[in-house]
Amino acid sequence: MFGKFLKKSKNRNPDKPLTRNIVDGRAYATLSDYQSTGGYEGLRTAITTMDSLGVQQVVKDSELRGRGGAGFPTGLKWSFVPMGEKAPETKYFVVNADEMEPGTFKDRVLMEKDPHQLIEGMVIGSYAIRATAAYIFLRGEYHLSAERLSQAIAEAYQQGFLGKNILGSDFSLDLYLHSSAGRYICGEETALLNALEGKRAIPRAKPPFPQISGLWGKPTIVNNVETVCNLPHIFFYGVEWYAGLGRGKDQGTKLFGASGRVKNPNVWELPMGTPIREILEEHAGGMQDGYQLKGFLPGGASTDFMLPEHLDVLMDFDAIAEHGSRMGTGTMIILDDKTCPVKMVLNLEQFFSRESCGWCTPCRDGLPWVVTILEDLIAGKGQASDLELLEHQTKMMGPGNTFCALAPGAMEPLQSALKYFRGDFEKYLERPVVKEAE
Amino acid sequence: MPKIEIDGTIHEVEDGQNVLQACLSTGLDLPYFCWHPAMGSVGACRQCMVTQYSSPEDTKGRLVVGCMTPVSEGLRISLNDSEAVEFRADIIELLMTNHPHDCPVCEEGGQCHLQDMTVMSGHTSRKYRGKKRTHRNQYLGPFIGHEMNRCIACYRCVRYYQDYAGGQDLGVFGAHNHVYFGRSEDGVLENEFSGNLVEVCPTGVFTDKPNGKNYSRKWDLQTAPSICAHCSLGCNTTPGERYGELRSVVNRYHGEINRYFLCDRGRFGYGFVNAESRIKTASIDHQEVVGEGNAVEHFRGLVQIQETVIGIGSPRASVESNYALRELVGEDQFYSGWTEAENTLMETALRVVRETDAANPTLAEIERADAVLILGEDLTNTAPIMALAVRQAVRNASFDAAESVGIYQWQDAAVRELAQDLLSPLFIVSTGSTRLDDVATGVYRASPDEIARLGFAVAHRLDSSAPGVGDLAAAASDTVKEIAEALANAKRPLVISGTGCMTAAVLEAASNIARALASAGKALSVVVPDCNSMGLAMMGGHGLEDAKKVVEFGVANTVVVIENDLYRNAPRELVDDLLGKAKNVVVIDHSSHATTEKAGLVLPATSFAESEGTYINNEGRAQRFFSVMQPSEEMRNTWQWLADAGAGDWSGSDDIIASCGNGLLGFKGVEEAAPTAEFRISGMKVPRQSHRYSGRTAMRANLAVSEPQQPIDRDSPLSFSMEGAAREAPPSLMSTSWAPAWNSNHAIIKFQQEVGGSLQGGDPGKRLFQPSSEANWYDGIPASSEPVDRRWLVVPNHQIFGSEPLSCGSPAVAERIDAFSVTLNGDDLARLQIESGDMLELSIEGNTTIAEARQDDGVPSGIAAVGCGVPGSEGIAWLKQAEIRKRG
Amino acid sequence: MRDQDMRVDSQLSEAEIAEVLEEASHYPEKSGASIEGLKVVQKYRGWVSNESLKQVADLLDMSVEELDGVATFYNLIYRQPVGRKVILCCDSVSCWMLGSDNIKQKISDRLGIEYGGTTSDGEYTLLPIVCLGACDHAPVLMVGDELHHNVDEAQLDQILNTRAS
Ligand SMILES: Cc1cc2nc3c(=O)[nH]c(=O)nc-3n(C[C@H](O)[C@H](O)[C@H](O)COP(=O)(O)O)c2cc1C
Ligand code: SF4
Ligand code: FES
């Protein structure tokens, strides 16, 4: 799966900490594989030499930013959890492994190939906030991940990395795997909490933030799989090493990927701030023969389109934002010149519309309308005012106007497509009855 | 009180409110759907969007959700900012993409919150060209109709039904724009407060089914302010009439009593007014009498010699009617209609409310209690809306917890999430399971005497000078300790008791507890059976056993019974003897029943819907109800029949109620419950018909082409007309709320002092009880009773549908009445080899009755909970030992 | 919301109950295991009938409405009978770009069913699914628990030929 470049990473390779145990010809890293490269040593350092606030401080110092899409500083997020004597006794640490954003396929790799890395990270995170229980919220279709994680959890209990008095400390933790049943909204962190409580996965209003009142009303941290997988290494190799990994403003490495009509669709661990061009041309091998790059979504379905002219932008949270999009999950979806951007947007909006939880009006009723308009347009039944209407809807469903970020995310590819590929939309209007040109 | 700036004007608003509440309280119009004043905010519909400016310099601002944004000093917002205006119109447009355009045939039309908000938001032309999604409707029972296509997914129904009312069998299914609100499968909605869905739903998804069968629009209904006649709490209602039929009863806002909600008995119990069983004409010896004068003449003849006439009153008749009867026959010849035992019970209830040193709380105050003990009452079945209030009271602990982490009370989902199962203490001591058990901290089941003993013991534990219970079982003493501590630790502890288990000692024990509590915020609420039980108890009156004696001894030969079927509660032989031995039996009532069968003279009375009158509720509040419609010519108000027979020379309603207030001890002020008939606003009466009332001239077009003059109402400040001053009516005369732009019942916002608070001009009614602390410790502690082998103590099992006689006459309610049943503990049933659903024989002192067996493991062993008041239960002797066997 | 339980043994087996309760033990409130409980039933029976749903609700101290509200929210809880194998055809963006429509059409042609349909022999049910997280191998299918990468017609033949007799 990891192509040639991974072959080099047979040995411990601090340049690519997250994937160093992913070795060609090996199904996945067993516990002993994992430990042979320093696995659970980061945890040992954290738990035996630091108190919880100390662990939080290290993560703050590392400037680790969440890999779930929003890039929120992880240490800062943790610092909102009440600590000390007056804090509630029960707290939770939850890993968001619901990976369902179209075009995203990074967390699965980490879970299938190196399950212990996630578990170690979770114990560190849980220790940092003094969580009493931890959950992995896994999307239901990830059967292999479920299998590998279950086994790894059992092993971790056996080895004393989970359960009572972990590594002889006063810290105890139970960790459970929760396997869901398919709904994109479950990935939204507050909807995830409702889902984990066995309720309909409707997002919750913030405030209160989960750090104050989360799972079953208790302080809770939700972090993405990849975010958590960084933790063991930060503690094993130290903050300075970690800071040295990034090429741009952000620290560490990141799993980047590309899908669509590139020669070598795949996922790679690369330094934060790797230029997009490098990812596309060197790692993904460029476009397939006969296809040209027309644009791309830099980090999953809910990010704005970028154009070939943006190829030299660095894959960095802020750098991408400066160019009107978001790094999101860092897995790019490539639009080629033979794919109709309008149809691609329709496909995306159909997804979002179907996955709307149905709680707030703009999203529940707005997305299906967007889909209807796009369908009409493509079927040659469009009206001149439709593009304006679509534009209006992208604003109406913009950030802050809906209950959660699903609909605003859905609007990102649409609004940027309207901006960059307007001609493609207008073409459908010019020819009232368009023949299906597949 | 923070000052906030709304569109350039500074307003002082209530601290801790959200922007939507603040705007509405200020009198501004801001549309909303998912928010409800009783249920708080969840921010789902996004309809209440406003623009918020971050600083005085900020000119652009950003959109924020009104109902989710707390007010704070210096907050600057705009409702009129074009972005906000446009967004709100967009939301309506989105809701309309799927909403059918069936307003002309929709029952909500004209009182539809969605219509109001649509107009308010200015969405007029449709851009959506797609298809609408459609749904299948469900059968939800006799009360509620279902039209899912009209749903705008505001989620209010589920939030109301599950979170507010504690119901389980209505939910939300599916996702995205396929969300569906209903039951898992077709079936009767079980919750006792399901009818409120009709008012909670902002569109026409949940509709009033009985009304729908014969429908009229809100504006076409003739209405008047009324008081629910189906329990002692006195919820304010608005009945509506069209074509001489009562068509619906809806909630009438009262800030201290029912506020936004009614129970299903109150909402759907009115059907008896239209029923075939109505007495339409006078009859003598079952022969119709033509001409009202002849009937009066006959009546007058029968009651000429006062000493030979006894009058039997009714807890369901108005103060006026009972008073007129008492005047007709004289105090000594006045009987309450209750048996001795009931009389004692009611006297105790009255004494306990009047004389206990604790506040006599309103329902609004009950909701604020932070620890509740219910002693011997199954509230959901005896005083339903109080049960709903208690269900809210237990949430006070969660509000405190939320506040401690900065979550406002109105952040509904957040409060529930944070608090989880955290509830304020609620203890229920009862003879069987109750519908509030799910939110109770502790439940304790016992026989009525044991309940009283437990209560006395709690009082003693709270204050050792209260008499103690020497031989209390060990198990009970832990309970006593737990309850006493919870009440002692509370700031606003509340004891609720009542006549439900027919045992005066239970009430006395409750009084002792309330008295023993030290907290200044303590309260005692007492529940009694009927809409005017308190009023009747205040009038005194002897027991039926005495009535029987005076008739038997020949002292009296004429019995006048008003609005009371004596067979329903009293033992059959007693009533047979009483009525059988009297020479003349006169019954004045609106509906026929077993007692009217025995009457020589039957006089047709008006029901609550056709008459003015006063009821006194359980808190001692006198409340006036007004006739909604004209009675037929033959019918008269009970008190008028009595007046004509010589009871008094009252010129009208005001006169008789004033005379009662002046003449009877304890009734002083009763006439202040509502303005007199002379009351005018700018010289005008308050109309019963809306400005939009239609078809008045056409209504009788099949009979005559000219419109008859509207009936003149000399008895009230209301008119049977469209003309008058509706908008300025004081709360006690206001039957429906309309305000510019607000046609739904949410118009009430414009009449409240602040959203969800008291009505402008004060909530209606006059409380007659002054707090006093006369009571000494009660010490009539019942002896510990040993269960008798193979005998069961017969205790009443109250049923919301069935125990109250008037509502049983409503076809919709009748569908919900459970069979007459005897409920036993599972072990007892097993011992008797009876299964739930089997028929059994219940023998009490030689009288055998057949009933269906039911199982409730909450009923203690040795107790038989017997359907009370339910058809089939007539004449059961309560609190006696019974034998039970399977029907052979 | 439908009642088409074709099974005679409508009672949950001891094994099912034990598994549901085991899941429930992972949460402070049993209802946390609502989805996993339904999935246990689905593992044994293929789908969740009204009868099974009621029993799971009982086991988890939930009302039927509550649990059904959860069940119907999710994509992968089947409230109607499905075939022995469910074919989930990814129709999200990357697979769509690489021809998932075509794959779907091929399946429909071969099995004679559309999305939501079940073959008359009860072997297959065809459903669309959102991105399966294998976009680098688009188009992908999931048949039962098994993921199939870079699906082409030849592969499709193989996949569908494993049909039990
Ligand atoms: C609709 C929606 C879906 C999301 N799905 C995921 C997801 O599948 N995985 C994930 O880690 N974060 C997802 N997120 C982001 C989470 O809400 C949250 O920000 C993230 O889990 C936080 O983790 P981090 O701080 O480690 O990035 C989603 C957000 C939205 C609005
Ligand atoms: S934007 Fe609204 S409807 Fe859409 S997923 Fe979020 S909460 Fe649900
Ligand atoms: S009323 Fe404010 S969002 Fe619905």
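Q: What makes strand S1 (residues 92-97) of chain A and S4(A) count as a pair?
A: In this predicted model, the two are joined in the parallel sense over 5 bridges. Two strands pair if DSSP finds at least two bridges between them, so S1(A) and S4(A) qualify. Within chain A, A:Tyr92 stands opposite A:Thr220 in S4(A). Strands here are DSSP runs (E, at least two residues), helices are H or I runs of at least four, and both are numbered from the N terminus.

Numbering and lettering follow the written order: residues from 1 along each chain, chains from A and ligands from 1. Local features need pLDDT of at least 70, side-chain atom pairs need 80 or more, and totals for chains, interfaces and linings use all residues, while side-chain values use heavy atoms, leaving out hydrogens and water.

Q: Why are S3 and S4 of chain A called edge strands?
A: The open sheet has 4 strands in the order S3-S2-S1-S4, with parallel pairing. Strand S3 (174-179) and strand S4 (220-224) each pair on one side only. From one strand to the next, the twist averages 20 degrees.

Q: How does helix H9 of chain A run relative to S4(A), and what would you call that angle?
A: H9 (residues 225-237) lies across S1 and S4 of chain A, at about 95 degrees to S4(A). Angles run from 0 to 180 degrees between N-to-C directions, with axes fitted to C-alpha atoms (for helices, over the stretch in contact). The cut-offs are under 35 for roughly parallel, over 145 for roughly antiparallel, 65 to 115 for roughly perpendicular, and oblique for the rest. About 95 degrees therefore counts as roughly perpendicular.

Q: What makes H14(A) roughly antiparallel to H15(A)?
A: The axes of H14 (residues 361-378) and H15(A) cross at roughly 155 degrees and come within 11 Å. That angle is over 145, so the roughly antiparallel label applies. Contact means heavy atoms within 4.5 Å, and among the residues making it are A:Trp369 and A:Ile373 of H14(A) with A:Leu390 and A:Met396 of H15(A).

Q: Why do H15(A) and H16(A) get the label oblique?
A: H15 (residues 386-396) and H16 (residues 406-420) pack at about 140 degrees, their axes 9 Å apart. That value is neither over 145 nor in the 65 to 115 range, so oblique it is. Among the residues that meet are A:Leu387 and A:Thr394 in H15(A) and A:Met411 and A:Leu418 in H16(A). By class, the contact has 5 nonpolar, 3 polar and 1 charged residues. Ala, Val, Leu, Ile, Met, Phe, Trp, Tyr, Cys and Pro count as nonpolar, Asp, Glu, Lys and Arg as charged, and the others, Gly among them, as polar.

Q: How do you know that S27 and S30 of chain B form a pair?
A: They run antiparallel and 2 bridges join strand S27 (residues 621-625) to S30(B). Since the cut-off is at least two, they meet it. B:Arg621 stands opposite B:Arg767 in S30(B), and the open sheet of 3 strands has the order S26-S27-S30.

Q: Where in chain C should you hold back from reading coordinates in detail?
A: Residues 1-8 of chain C stay under 50 in pLDDT, the predictor's confidence in each residue, from 0 to 100. Where pLDDT is low, the predicted coordinates should not be read in detail. Chain C averages 92, with 92% of the residues scoring at least 70.
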